[in-house]
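Here is a short report on one protein chain. Look over the sequence and the model first, then read on.

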Amino acid sequence: MFGSGHNVTVMPARGGRKYQYRCSCGATGYEVNTSSQAQQMGREHAAKAARKGR
């Protein structure tokens, strides 16, 4: 997406009622109520990693 090696996907969290992102670098996001919130968190993670040069 933004940084190389940071491909973010959104998937249902355990229990299936909430969502979280998972990045190809191994990072996972908090459980949130909507998939759009999880996608936004994933974009922020990738952007932050790109700024750090990872």
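Which residue just after H1 takes a positive phi? Gly 53 does, at about 80°. The model behind this value, and behind every other value here, is predicted.

## The hairpin

Strand S1 covers residues 8-12. Strand S2 covers residues 19-23. The two strands pair in the antiparallel sense, over 5 bridges. Together S1 and S2 form a hairpin, with 6 residues between them. Gly 15 sits in that turn and has a positive phi of about 95°.

Two of the residue pairings can be named. Val 8 has Cys 23 in S2 as its bridge partner. Val 10 is matched with Tyr 21 in S2.

## The helix

H1 runs over residues 35-52. The helix has 18 residues. From first C-alpha to last, H1 reaches 26 Å, close to the 26 Å expected at 1.5 Å a residue.

Part of H1 is buried: Ala 38, Met 41, Gly 42, His 45, Ala 46, Ala 47 and Ala 49. The cover over these residues includes S1 and S2.

Gln 39 also lies in H1. The residue is partly exposed, because its relative accessible area is 24% and the buried class stops under 20%. Gln 39 and Cys 23 are 16 residues apart in sequence. Their C-alpha atoms are 11 Å apart in space.

## The nonpolar core

Which residues make up the largest nonpolar core? There are 7: Val 8, Tyr 21, Cys 23, Val 32, Ala 38, Met 41 and Ala 46. S2 and H1 each supply at least two of them. H1 gives the most, with 3 residues.

Val 32 belongs to this core. Leaving aside residues up to four places away in sequence, Val 32 touches Lys 18, Tyr 19, Gln 37, Ala 38 and Met 41. Of these contacts, Ala 38 and Met 41 are also core members.

## Accessibility of selected residues

The table sets out relative accessible area for several residues.

| Residue | Relative accessible area | Class |
|---|---|---|
| His 6 | 6% | buried |
| Gln 20 | 10% | buried |
| Cys 23 | 9% | buried |
| Cys 25 | 43% | partly exposed |
| Gln 39 | 24% | partly exposed |
| Asn 33 | 53% | exposed |

## Buried polar side chains

His 6 lies in the segment before S1. It counts as buried because its relative accessibility is 6%. The side chain of His 6 makes a polar contact with the side chain of His 45, at 3.4 Å. His 45 is itself among the buried residues of H1.

Gln 20 is placed in S2. Is this residue buried or exposed? Gln 20 is buried, because its relative accessible area is 10%. Its side chain reaches the backbone oxygen of Gly 29 at 2.9 Å. Not counting residues up to four places away in sequence, Gln 20 touches Thr 9, Val 10, Met 11, Ala 13, Thr 28, Gly 29, Tyr 30, Glu 31 and Ala 38. Among these, Ala 38 is one of the buried residues of H1.

## The cysteines

How many disulfides are there? The count comes to 0. Cys 23 is in no disulfide, and the nearest cysteine sulfur, that of Cys 25, is 3.5 Å away. The sulfur atoms would have to be within 2.5 Å to count as a disulfide, so the pair is left out. The view from Cys 25 agrees: Cys 25 is in no disulfide, and its nearest cysteine sulfur is that of Cys 23.

The two residues fall into separate accessibility classes. Cys 23 is buried, with 9% relative accessible area, whereas Cys 25 is partly exposed, with 43%.

## The loop between S2 and H1

Asn 33 lies in the loop between S2 and H1. Why is Asn 33 classed as exposed? Its relative accessible area is 53%, and the exposed class begins over 50%, so Asn 33 falls within that class.

Setting aside residues up to four places away in sequence, Asn 33 touches Arg 17, Lys 18 and Tyr 19. Asn 33 and Pro 12 are 21 residues apart in sequence. Between their C-alpha atoms the distance is 9.8 Å.

Definitions and conventions:
Residues numbered from 1 in each chain as written. Predicted model: local features only at pLDDT ≥ 70, side-chain atom pairs only at ≥ 80, totals over all residues. Heavy atoms only, no water. Helix = DSSP H or I, 4+ residues; strand = E, 2+ residues; numbered from the N terminus. Buried < 20%, exposed > 50% of the residue type's maximum accessible area, 1.4 Å probe, protein only. Polar contact = N/O pair within 3.5 Å; in protein donor to acceptor, adjacent residues only side chain to side chain. Core = buried A, V, L, I, M, F, W, Y, C linked by side-chain atoms within 4.5 Å. Contact = heavy atoms within 4.5 Å. Expected span 1.5 Å × (residues − 1). Pairing = 2+ DSSP bridges.
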